[in-house]
Amino acid sequence: MGYTLAVLGCGTMGVAILSGVLSSLEARLSAPLMQKHHSGETEPPSGISTPTASQFLDAPEESLPSRFIATVGREETGRKLKKTFEGLGRFGSDVEVRAGQGNVQAVKEADVVLVCSKPNIAKSILLEEGMAEAVKGKLVISICAGVTISQLVSWVPESTKVVRTMPNTPCKIREGMTVVTPVSDALSRTLILNIFTSCGRCRFLEEKYFDACTALAGSGPAFVALVLEAMTDGGVMMGLPRVEALELAAQTLQGTGRMALYAGLHPAQLKDSVTTPGGCTIAGLLTLEDGRVRSTMARAIQVATNHASGLGQDSKK
C-alpha cells in the first residue's frame, strides 16, 4: 500500500495540490483514458517533468499516497473543506479533515508532510509542542514562499528530510509550474514528482534560484493576467464584445505558450513568424516597444525577485 500524506494549513494551494493528486489517482484506474492525455503533443525539452500517463501508471505503490489528512485552523473552515473534497470524485470523500489543534497528531500518523500554511506561521507550526518527535525521520515538503531550507532544517530534527518547493496558482486547474530543490534519493524524488506533476509541470532547481522563480512563476500569473486584460480591453475598444475579446486573447496566450513549450520555438521565432513587412503586427510591436513593454516586464521580474527575498523572514525593526 501507499503512504499517508498530511497537508498542514490546507488552504487554496493545499486544496489545489490535493485535487491534482486525487484526480490523478482516479485517472490511474482508467489506463486507456490516461493514455490519451496530452495526445498529439511532442515531448517537452529534457529536464522538465510534465503530467503524463506513465508518471502514475508506472509509479511504484510506495511512491503514491493512499491516505490523506488535511488540517485547518477553524471548525467552520474544516466543514467547508470537507464539502470541497467530497465533490472531487471517489477519493475526495476519503480525505480526513481536522480542525483546531490537529497538526501534531496528523504528522504522527503521516509518512510525508506537506506544509501549505502562510510563510509567517510555518515556524510556529513546526515548533508546536510534540511536533519534533512526530516529524522525526519523515519527509517534510514546504510550499511556503520565502522560507528557506536552512530555516526549515533549524525547526525540525536532524533525521527529518526537508524539501522546499514553489508551486503557482494554475495548479488549481492542473496547469501549474512547481520548482523543487534537488532531492538525492530516488524514492523521494519519484514521490515528489508524483505529487506535483499531478497538478502541472515540475522542475528541480538549486535553492539560489528560488527568489527569481517566485517572481517569474509565483507572481507571473498576475503579470500575465494584466497583459490578458489589456489585450481584451484593446479588443473591446475596437468593437469586439468583451466575452469574445477575452476568449480570443486568452486562447492566443495559451496557444503561444504551448508553442514555446512543446514545439521548442524561441519567443523571437514566434514573434517573427507572425510579423510580415509593412503589416499590422509590426505596427503594433513598434507601439509596444515605444511603451517600453519589454523592459518594464523584465524589470517587474527583477523587483518582484528582490521583494521575494524578504518573504518568510523575521521582520527587522
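**Burial, cores and salt bridges in a predicted model**

Trainee: Is Arg-67 buried, partly exposed or exposed?
Mentor: The structure is a predicted model, and the answer rests on the relative accessibility computed from it. Buried means under 20% and exposed means over 50%, with partly exposed in between. Arg-67 has a relative accessibility of 27%, so Arg-67 counts as partly exposed.

Trainee: Which side chain meets that of Arg-67 in a salt bridge?
Mentor: The structure holds 11 salt bridges. In one of them, at 2.5 Å from N to O, the side chain of Arg-67 meets that of Glu-109. The partner, with a relative accessible area of 24%, is likewise partly exposed: Glu-109.

Trainee: How many residues apart in sequence are the parts that this pair ties together?
Mentor: Arg-67 belongs to strand 2, whereas Glu-109 belongs to helix 5, residues 103–109. The salt bridge therefore ties together parts whose separation in sequence, in residues, is 42.

Trainee: Which residues are linked with Arg-67 in a network of salt bridges?
Mentor: A further salt bridge joins the side chains of Glu-96 and Arg-98, at 2.9 Å from N to O. Glu-96 is partly exposed at 25%, while Arg-98 is buried at 19%. The residues linked with Arg-67 in the network are Glu-96, Arg-98 and Glu-109.

Trainee: In the salt bridge between Glu-289 and Arg-294, what is the distance from N to O?
Mentor: Glu-289 is partly exposed, with a relative accessible area of 40%. Arg-294 has a relative accessible area of 56% and is exposed. Their side chains meet with an N to O distance of 2.8 Å.

Trainee: Which helix gives the most to the largest nonpolar core?
Mentor: This core has 38 residues, and Cys-10, Leu-18, Phe-85, Leu-114, Ile-141, Ile-192 and Phe-196 have the most contacts inside it. Among the elements that give two or more residues to the core are strand 1 (3–8), helix 1 (12–28), helix 4 (75–86) and helix 9 (186–196). With eight residues, the element that gives the most is helix 1.

Trainee: Which residues does Phe-196 touch, not counting residues up to four places away in sequence?
Mentor: Phe-196 is one of the residues with the most contacts inside the largest nonpolar core. Once residues up to four places away are set aside, those touched by Phe-196 are Ile-17, Leu-114, Ile-141, Ile-143, Thr-165, Thr-178, Val-180, Arg-201 and Cys-202.

Trainee: How many residues does the second, separate core have?
Mentor: The second core is separate, and its members include Ala-6, Leu-8, Val-115 and Cys-144. Its number of residues is 23.

Trainee: Within what arc do the buried residues of helix 11 fall?
Mentor: Helix 11, residues 220–237, has 18 residues and reaches 26 Å from its first C-alpha to its last, close to the 26 Å expected. Its buried residues are Gly-220, Leu-228, Thr-232 and Gly-235. An α-helix has 3.6 residues a turn, so residues three or four places apart point the same way. Seen down the axis, the buried residues of helix 11 line one face, because they fall within an arc of 100°.

Trainee: Which residues are exposed on the other side of helix 11?
Mentor: The cover over the buried residues of helix 11 includes helix 10 (210–218) and helix 12 (242–262). On the other side of helix 11, the exposed residues are Ala-222, Leu-226 and Met-237.

Trainee: What separates the C-alpha atoms of Ala-99 and Arg-74, in Å?
Mentor: Ala-99 lies in strand 3, residues 96–99, and is partly exposed at 23% relative accessibility. Apart from neighbours within four places in sequence, Ala-99 contacts Val-72, Gly-73, Arg-74 and Glu-75. Although Ala-99 and Arg-74 are 25 residues apart along the chain, their C-alpha atoms are separated by 5.4 Å.

Trainee: Which residue in helix 5 is covered by the UniProt annotation "binding site"?
Mentor: The annotation comes from an unreviewed UniProt entry and covers Asn-103. Asn-103 is buried at 10% relative accessibility. Setting aside residues up to four places away, Leu-8, Thr-71, Ile-125, Glu-128 and Met-131 are touched by this residue. The residue in helix 5 is thus named in the record: Asn-103.

Trainee: What percentage of the residues in the protein chain is buried?
Mentor: The secondary structure of the chain comes to 15 helices and eight strands. Of the 317 residues in the chain, the buried ones make up 39%.

Terms used:
Residues are numbered from 1 along each chain as its sequence is written. This is a predicted model: local features need pLDDT of at least 70, side-chain atom pairs count only at pLDDT 80 or more; totals for chains, interfaces and linings use all residues. Side-chain values use heavy atoms; hydrogens and water are left out. A nonpolar core is a set of buried Ala, Val, Leu, Ile, Met, Phe, Trp, Tyr and Cys residues joined through side-chain atoms within 4.5 Å. Buried means under 20% relative accessible area, exposed over 50%, partly exposed in between (1.4 Å probe, protein chains only). Helices (H or I, at least four residues) and strands (E, at least two) are DSSP runs, numbered from the N terminus. Contact means heavy atoms within 4.5 Å. A salt bridge is a side-chain nitrogen of Lys or Arg within 4 Å of a carboxyl oxygen of Asp or Glu. The expected span of a helix is 1.5 Å times one less than its number of residues. The arc is that of the directions from the helix axis to the C-beta atoms. UniProt positions are given in the numbering used here, feature names are shortened, and annotations may be inferred rather than shown by experiment.
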